[in-house]
Amino acid sequence: MMEGSARVFKMRSRRCGNKCYSARVPNVSVDAYVFDVLMADLIAHDRQPSAFVLYLAIWRLTDGGKKKSAPVSLRTLSEQTGLSKRAIQDAADRLERRQLISIERQMPTAVPMYRLHKPWERPRRS
């Protein structure tokens with residue numbers, strides 16, 4: 001088993017070089033509040049680590065709330081986070097109740113649009 005894994009790694013490193021994955025993944029900045037306060041609140045207090053993972057995934061999809069996310073299916077979120085579809089649904093419900101995200105659907109069976117909220121930020125005045 002170990003030998004097969006080493007062979008796959010060697011094949012990848014020959015094909016891509018040492019910068020195979022880092023070259024294609026852009027950096028994402030996350031507010032310190034998310035790690036300093038929200039992480040402890042969702043994981044320790046609410047006992048919902050899946051909600052924190054989903055919040056980070058939506059943060060990534062919306063570029064920190066700068067843009068409205070494209071429609072994202074439960075399957076896609078499940079593949080990105082490693083959570084089950086049911087865990088995604090429960091986490092989304094928790095985040096929506098806490099007003100950390102809003103979910104919009106054109107129809108009940110449509111793929112949802114997730115909008116990220118950052119209640120710790122004050123609205124900007126014009």
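## Helix H3

In this predicted model, helix H3 covers residues 49-61, a run of 13 residues. From the first C-alpha to the last, H3 reaches 19 Å, close to the 18 Å expected at 1.5 Å a residue.

Several residues of H3 are buried: Ser50, Ala51, Phe52, Leu54, Tyr55, Ala57, Ile58 and Trp59. An α-helix has 3.6 residues a turn, so residues three or four places apart point the same way. The cover over the buried residues of H3 includes three helices, namely H2 (32-45), H4 (74-81) and H5 (85-97). Strand S1 (101-104) and strand S2 (113-116) are also included in that cover. After H3 comes aspartate 63, which has a positive phi, near 55°.

## Aspartate 46, before H3

The loop between H2 and H3 holds aspartate 46. Is aspartate 46 buried or exposed? Aspartate 46 counts as buried because its relative accessibility is 14%, and the cut-off for buried is under 20%.

Two polar contacts involve the side chain of aspartate 46. One is with the side chain of histidine 45, at 2.9 Å. Another is with the side chain of arginine 98, at 2.6 Å. When neighbours within four places in sequence are left aside, aspartate 46 is in contact with Asp41, Arg94 and Arg98. Arg98 therefore appears both in this list of contacts and as a polar partner of aspartate 46, whose burial is given by its 14% relative accessibility.

## Methionine 39 and a nonpolar patch

Methionine 39 lies in helix H2, one of the helices that cover the buried residues of H3. With a relative accessible area of 31%, methionine 39 is partly exposed, because that value falls between the 20% limit for buried and the 50% limit for exposed.

On the surface, Met39 joins Phe35 and Ile43 in making a nonpolar patch of about 230 Å². Residues with over 30% relative accessible area can belong to such a patch, so methionine 39, at 31%, passes that cut-off.

## The chain as a whole

What elements does the chain have? There are five helices and two strands, and along the sequence they follow the pattern α-α-α-α-α-β-β.

The chain has 126 residues, of which 27% count as buried. Its accessible surface comes to about 9,400 Å², and 51% of this belongs to carbon and sulfur atoms. Among contacts between residues at least 6 apart in sequence, 52% join residues at least 24 apart.

Methods:
Residues numbered from 1 in each chain as written. Predicted model: local features only at pLDDT ≥ 70, side-chain atom pairs only at ≥ 80, totals over all residues. Heavy atoms only, no water. Helix = DSSP H or I, 4+ residues; strand = E, 2+ residues; numbered from the N terminus. Expected span 1.5 Å × (residues − 1). Buried < 20%, exposed > 50% of the residue type's maximum accessible area, 1.4 Å probe, protein only. Contact = heavy atoms within 4.5 Å. Polar contact = N/O pair within 3.5 Å; in protein donor to acceptor, adjacent residues only side chain to side chain. Areas by Shrake-Rupley, 256 points an atom, 1.4 Å probe, with all protein chains shown as cover. Patch = residues over 30% accessible without salt bridge, like charges linked within 9 Å, V, L, I, M, F, W, Y side chains within 5 Å. Salt bridge = Lys/Arg side-chain N within 4 Å of Asp/Glu carboxyl O.
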